[in-house]
Amino acid sequence: MVNESEIVTLIQEAKKGEKERKFKESLELYITLKDIDVKKGFALNEVIQLPNQMSKPAAVCVMASGDMGLKAKEAKADEVLDNDNVNKLAEDKRASRKLINKYDFFLADTKLMPVVGKSLGQLLGPRGKMPTPVPFNAPIESFLSRFKTSIRVRVKNSLSISCKVGDSEMDEHQVAANAMAVINNLKGKLPNGDKNIRKYMIKTTMGKAVKLDHKVTK
C-alpha cells in the first residue's frame, strides 16, 4: 500500500521545474484501477471529507426555509433556496442546469426533499448531486462545515479516478494527507480493496503527471 511519504515525493516531483503562474495551480490525484468489470454496473459516488481544507472551499447550496434557511445564511452557505425558489427552478431547465453545475454539494431540509426530488431530481440524480437530507433539528452549521472541506469522487463506466486534493500554495504534507484520505476511503469501497489499484499519479494544473505503480499489500 502506498504511504504518505511516497505521495509527498510524487507531489515534489510534479511541482519540480514548474514555471511561475499568474494563478494558483491545483494538485490533482489520479488513480487507475484494474480487474473491475465496469460493464457489470460498478460505480462509486463518494463524499470524502479531507483533513486539510483547500484555499477554495467546496461550494455548497442549501435548500431550506424558515429557521434552517436563516441559520444556513448566517453560516455563510454559498446560496440558500427556499420552497418557492426550488419550484421556480423546475420551470427553467437552463437555470436549473446552471445552478447544478455551479455547486459541488447540495443540502436540503428533509421537509423539502419531496419537492426537490420532484422538481430537480431528473437533473441532480444523473450528476450524482442529489441533496443530503438535513433533519429539521440538526445543526446546519456542522453540515456546512463538513461539506465545505469535502470532495466528491465518482466512478462510472471508467477505470480512472481523478480529484483535486490541494493547490500549489499548500504544504506538501497537507496535500499528501488529503490524498491519503481519498486513497484509504476508496480502498474500502473497491471489490478487492487495494488489489484493484494499478497506479497513482499526481499532476499540477499545467504540468505533467508523475506516476507511482501500486504495490499490493500482502
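**Figure 1. The largest pocket of the predicted model.** The largest pocket has a volume of about 400 Å³. The coordinates come from a predicted model. The pocket lining comprises 19 residues. Ala58, Asp104, Ser150, Ile151 and Arg152 lie nearest the centre of the pocket. Two elements, β7 and β8, give two or more residues to the lining. Strand β7 gives the most, with four residues. By residue class, the lining divides into eight nonpolar, four polar and seven charged residues.

**Figure 2. The chain as a whole.** Seven helices and ten strands make up the secondary structure of the protein chain. Along the principal axes, the C-alpha atoms fill a box of roughly 50 × 45 × 35 Å. The radius of gyration is 19 Å. A compact globule of 218 residues would have a value near 17 Å, so the chain agrees with that expectation. Buried residues make up 44% of the 218 residues. Among contacts with a separation of 6 or more, 75% join residues 24 or more positions apart.

**Figure 3. The largest nonpolar core.** This core holds 35 residues. Ile7, Leu29, Ile31 and Val182 touch the most other members. Helices α1 (4-15) and α7 (172-187) each supply at least two residues of the core. So do the strands β1 (26-33), β2 (43-49), β7 (150-156), β8 (160-167) and β9 (197-204). Helix α7 gives the most, with seven residues. In soluble globular proteins, nonpolar side chains tend to be buried together.

**Figure 4. Valine 182 and its contacts, with a second core apart.** Valine 182 is among the residues that touch the most other members of the largest nonpolar core. Beyond its neighbours within four places in sequence, valine 182 is in contact with Leu29, Ile48, Leu50, Ile151, Val153, Cys163 and Val165. One of these partners, Leu29, is also listed with valine 182 among the residues touching the most other core members. Another partner, Ile151, is one of the residues nearest the centre of the largest pocket. Apart from the largest core lies another core, of 17 residues. Its members include Cys61, Leu99, Met113 and Leu120.

**Figure 5. Serine 96 in helix α4.** Serine 96 lies in α4, which spans residues 93-102. Is serine 96 buried or exposed? Serine 96 has a relative accessible area of 1%, so this residue counts as buried. Residues up to four places away in sequence aside, serine 96 touches Leu89, Ala90, Leu120 and Leu123. One of these, Leu120, belongs to the core of 17 residues.

**Figure 6. Isoleucine 11 in helix α1.** Isoleucine 11 is found in α1. Its relative accessible area is 0%, so isoleucine 11 is buried. Which residues does isoleucine 11 contact, leaving aside its neighbours within four places in sequence? The partners are Leu27, Glu172, Val175, Ala176 and Ile202. Proline 139 lies 128 residues from isoleucine 11 in sequence. The C-alpha atoms of this pair are 37 Å apart in space.

**Figure 7. Two loop residues with positive phi.** Aspartate 35 has its place in the loop between β1 and β2. Phi of aspartate 35 is near 55°, a positive value in a residue other than glycine. The relative accessibility of aspartate 35 is 64%, so it counts as exposed. Asparagine 157 lies in the loop between β7 and β8. Asparagine 157 has a positive phi of about 55°, although this residue is not a glycine. Its relative accessible area is 59%, so asparagine 157 is exposed.

**Figure 8. Serine 55 between β2 and β3.** The loop between β2 and β3 (60-63) holds serine 55. Its relative accessibility is 45%, so serine 55 counts as partly exposed. Outside its neighbours within four places in sequence, serine 55 is in contact with Lys24 and Asp167. Serine 55 and valine 165 are 110 residues apart in sequence. In space, these two residues are 11 Å apart, C-alpha to C-alpha. Valine 165 is also one of the contacts of valine 182.

Key:
Residues numbered from 1 in each chain as written. Predicted model: local features only at pLDDT ≥ 70, side-chain atom pairs only at ≥ 80, totals over all residues. Heavy atoms only, no water. Core = buried A, V, L, I, M, F, W, Y, C linked by side-chain atoms within 4.5 Å. Buried < 20%, exposed > 50% of the residue type's maximum accessible area, 1.4 Å probe, protein only. Contact = heavy atoms within 4.5 Å. 1 Å grid on protein atoms, 1.4 Å probe; cavity = no way out; pocket = protein on both sides within 12 Å on 5 of 7 lines; lining within 4 Å. Points joined across faces, edges and corners; volume = space filled by probe spheres on them. Nonpolar A, V, L, I, M, F, W, Y, C, P; charged D, E, K, R; others polar. Rg over C-alpha atoms; globule rule 2.2 N^0.38 Å.
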